[in-house]
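Subject: The structure we talked about

Hello,

Here is the structure I promised to pass on to you. Please open it next to this message, and then read on for what I found in it.

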Amino acid sequence: MSTGLFLSLEGIDGAGKSSHIDALEALFRAQGRAVTRTREPGGTPLGETLRTLVLNEPMDTLSESLLVFAARREHVLQVILPALKRGDVVLCDRFTDATFAYQGAGRGFELGVLAMLERWVQADPAHADGLLQPGLTLWFDLPPEIAAERLAGARLPDKFEAQPVEFFRRVAQGYADRAAGASRFARIDADCSREQVWQQIESTLQARGLA
Ligand code: TMP
């Protein structure tokens, strides 16, 4: 069994998850732990190339799902598993929950196919059920209308950020469905100040014996 900690951050676009990664890294480093920071889609040279395609090129949803899982396979093998074996804290900005939320709930793609791809791509004998999953997922939950306001006027939107608010309502529901009954999820109420969001993150880590 690996000794590292795999922590993912999830939420709809505009939920503010990425703005807490620096502080999370600092918190774990202050504990004397090595931290690997990474993101999806991406995290490897091939993964970053696939990210550019997924975020910018119109394509069929099966193609989109296959590309995010192809990027994930390289990411898991080249970055995440080696880091966990070393004992690192892996801070990953999005992982497979995003595929269930965006391609599954958002685009309406078959969840059964995604679950099968997940089994193949994240197969790892060292983990429970032979499946690599984050040990903790910080889920930044924010009403889609507020996320849209936060995104308005920001940088040029990518393919997903340009989607209407109804799409993000489905994505948000997709996260809620995925979180239901999965103890690795911690819901963070992202509809408050940055400081209050950080306080919730700290309390979550303390409650789980991680801070
Ligand atoms: P972000 O890095 O700014 O969060 O952007 C990544 C975008 O890619 C975001 O809109 C969600 C989307 N995405 C998917 O559609 N499927 C996936 O599996 C992942 C990891 C991300």
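In this predicted model, 5 strands form an open sheet, with parallel pairing and the order 2-3-1-4-5. Strand 2 (35-39) and strand 5 (185-189) stand at the edges; each has a single partner strand, so one side of each is left without a neighbour in the sheet. From one strand to the next, the twist averages 20°. As a reminder, the strands of a sheet pair through backbone hydrogen bonds, either parallel or antiparallel.

If you would like to look at one pairing closely, try strand 4 (residues 136-141) and strand 5: they run parallel and are joined by 5 bridges. There you will find F140 opposite I188 of strand 5.

Now for the helices that go with the sheet. Helix 4 (residues 96-106) packs on the sheet, where it touches strand 1, strand 4 and strand 5, and its direction makes about 20° with that of strand 1. Helix 3 (residues 61-86) lies across strand 1 (5-11), strand 2 and strand 3 (89-93), and it runs at about 160° to strand 2.

Helix 2 (residues 45-56) lends itself to a small check. With 12 residues at 1.5 Å a residue, helix 2 should span 16 Å, and its end C-alpha atoms are 17 Å apart, which agrees. Which residues of helix 2 are buried? They are G47, L50, R51, V54 and L55. These residues cover an arc of only 125° around the axis, which puts them on the same side of helix 2. The buried residues of helix 2 pack against strand 2 and helix 3.

In helix 1 (residues 21-30), have a look at E25. Its relative accessible area is 16%, and because buried means under 20%, E25 counts as buried. Leaving aside residues up to four places away in sequence, E25 touches V35, R37 and L91.

A few backbone details may catch your eye too. Most residues other than glycine have a negative phi, and most peptide bonds are trans. Against that background, the peptide bond from E40 to P41 is cis, with omega near -10°. You will find P41 in the loop between strand 2 and helix 2.

Two residues have a positive phi without being glycine, and I take them in turn. R94 has a phi of about 80° and is found in the loop between strand 3 and helix 4. Is R94 buried or exposed? With a relative accessibility of 12%, R94 counts as buried. For D129, phi is near 60°, and this residue lies in the loop between helix 5 (111-121) and strand 4. D129 counts as exposed, at 67% relative accessibility.

Last, the cysteines. A disulfide is a covalent bond between the sulfur atoms of two cysteines. How many disulfides are there, taking sulfur atoms within 2.5 Å as the rule? The count comes to 0. C92 counts as buried, at 0% relative accessibility, whereas C192 is partly exposed, with a relative accessible area of 22%.

Do write back if you would like to go through any of this together.

Best wishes

Terms used:
Residues are numbered from 1 along each chain as its sequence is written. This is a predicted model: local features need pLDDT of at least 70, side-chain atom pairs count only at pLDDT 80 or more; totals for chains, interfaces and linings use all residues. Side-chain values use heavy atoms; hydrogens and water are left out. Two strands pair if DSSP finds at least two bridges between them. Helices (H or I, at least four residues) and strands (E, at least two) are DSSP runs, numbered from the N terminus. Axes are lines fitted to C-alpha atoms, for helices over the stretch in contact, and angles run from 0 to 180 degrees between N-to-C directions. Contact means heavy atoms within 4.5 Å. The expected span of a helix is 1.5 Å times one less than its number of residues. Buried means under 20% relative accessible area, exposed over 50%, partly exposed in between (1.4 Å probe, protein chains only). The arc is that of the directions from the helix axis to the C-beta atoms. A disulfide is a pair of cysteine sulfur atoms within 2.5 Å.
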